[in-house]
Amino acid sequence: MQSYYYLLLDIFSFLIPFLYSFEKKRMHFIQHWKAYFTSIMTVGIFFILWDSYFAYQNVWAFNDQYLVGFRILKLPVEEWLFFLLIPYASIFIHYSLKYFFPNIELSAKVTKWITYVLFAVGLLLTVFNYDKMYTFVCIGLFTLLMLGQIIFEWKYAQRFYLSFIIIFIPFYFVNSALTGSYSDLPVVSYDDTQNLGIRMGTIPVEDSFYCFALLYSITLLFEYLKTKKLFKSTDEN
């Protein structure tokens with residue numbers, strides 16, 4: 001049973017949001033499946049390749065004790081599933097909050113100032129930690145995303161900044177499970193010479209930047225695709 005630890009974590013994180021996606025009286029979120037899964041898989045390809053490269057560079061490693069044992073590009077199959085199932089569940093939370101609390105969002109002015117602060121913090125951490133691969137790449141990508149937010153002023157940040165606070169709660173517990181909070185050994189171990197060495201519990205602080213970059217990128221692509229004719233919701237077709 002221990003060898004199914006990561007697999008079951010993936011499945012149970014995804015299962016309830018997925019089942020609620022079919023609920024027709026309210027959100028009926030599954031109507032957007034074409035745009036949603038296309039967004040997740042498109043962005044996920046980039047993160048999977050990044051993940052695989054870091055595995056080859058030993059920036060992180062996976063403990064076979066908690067895996068079913070099948071790997072592709074040095075990544076366990078559970079890690080591949082992670083980039084499909086966890087984003088689905090996480091972004092479902094964002095759109096649930098948007099549906100049930102439509103009037104809760106930041107003003108454009110507050111959003112802009114938060115973005116400036118996040119960009120400045122990200123830029124400083126990136127520049128002064130260029131010798132730490134995980135910190136440099138992870139926070140560097142986050143910083144580029146914030147630069148894009150400054151330039152294009154995507155309106156979705158007004159909700160997403162708030163949603164991310166809620167999303168991070170289950171993400172924290174899932175990631176804690178992977179980094180050793182609830183097991184004898186971590187499923188994923190990190191080379192701390194390649195990161196800041198700052199942990200939130202057992203989670204490297206870079207993981208929060210990684211999570212934000214992954215989920216906000218998917219959200220931006222999803223919002224773009226669902227306006228296109230090819231990706232119109234099934235309820236509209």
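## Ground rules and a first stop

Helices and strands here are DSSP runs, with at least four residues for a helix and at least two for a strand, numbered from the N terminus. By that count, Asn58 sits in the loop between helix 2 and strand 1. Keep in mind that this is a predicted model.

Asn58 is worth a look for its backbone: its phi is positive, about 60°, although it is not a glycine. Glu153 is another residue other than glycine with a positive phi, in this case near 50°. Look for Glu153 in the loop between helix 5 and helix 6. Its relative accessible area is 49%, and buried means under 20% while exposed means over 50%, so Glu153 counts as partly exposed.

## What the record says

UniProt, in an unreviewed entry, lists residues 4-94 and 131-225 under "domain: Lycopene cyclase". Residues 4-94 come out at 64% helix and 8% strand, with 28 Å between the end C-alpha atoms. For residues 131-225 the figures are 65% helix and 7% strand, and the end C-alpha atoms are 37 Å apart.

The unreviewed UniProt entry also carries the feature "transmembrane region" at several spans, including 35-56 and 159-178. In the model, residues 35-56 are 100% helix and 0% strand, with the end C-alpha atoms 32 Å apart. Residues 159-178 are likewise 100% helix and 0% strand, and here the end C-alpha atoms lie 28 Å apart.

## Inside: the nonpolar core

The largest nonpolar core takes in 64 residues, and Trp60, Tyr134 and Phe212 have the most contacts inside it. Plenty of elements chip in: helix 1 (5-20), helix 2 (33-56), helix 3 (77-100), helix 5 (133-152), helix 6 (157-178) and helix 7 (206-225) each supply at least two residues, and so do strand 1 (60-62) and strand 4 (188-190). Helix 7 provides the largest share, twelve residues.

Which residues does Trp60 touch, leaving aside those up to four places away in sequence? The list is Asp51, Phe54, Ala55, Tyr134, Val188, Ser189, Tyr190 and Tyr210. Tyr134 turns up there, and Tyr134 is itself one of the residues with the most contacts inside the core.

## Outside: a nonpolar patch

On the surface, a nonpolar patch is formed by Met1, Tyr4, Ile45, Leu49, Tyr56, Val68, Phe70, Ile72, Leu73 and Trp80. Together they have about 1000 Å² of accessible area. Helix 2 gives the most to this patch, with three residues.

Take Val68 as one of the patch members. You'll find Val68 in the loop between strand 1 and strand 2 (71-72). Val68 counts as partly exposed because its relative accessibility is 38%, which falls between the 20% and 50% cut-offs.

## Two more residues to find

Is Asn129 buried or exposed? Asn129 is buried, because its relative accessible area is 9%, under the 20% cut-off. Asn129 is in the loop between helix 4 (108-127) and helix 5. Not counting residues up to four places away in sequence, Asn129 touches Thr135, Phe136 and Leu196.

Leu8, in turn, is found in helix 1. At 26% relative accessibility, Leu8 counts as partly exposed. For a ruler across the model, try Leu8 and Arg71: they are 63 residues apart along the chain, and their C-alpha atoms are separated by 17 Å.

Definitions and conventions. Residues numbered from 1 in each chain as written. Predicted model: local features only at pLDDT ≥ 70, side-chain atom pairs only at ≥ 80, totals over all residues. Heavy atoms only, no water. Core = buried A, V, L, I, M, F, W, Y, C linked by side-chain atoms within 4.5 Å. Buried < 20%, exposed > 50% of the residue type's maximum accessible area, 1.4 Å probe, protein only. Contact = heavy atoms within 4.5 Å. UniProt positions renumbered as here; feature names shortened; annotations may be inferred. Patch = residues over 30% accessible without salt bridge, like charges linked within 9 Å, V, L, I, M, F, W, Y side chains within 5 Å. Areas by Shrake-Rupley, 256 points an atom, 1.4 Å probe, with all protein chains shown as cover. Salt bridge = Lys/Arg side-chain N within 4 Å of Asp/Glu carboxyl O.
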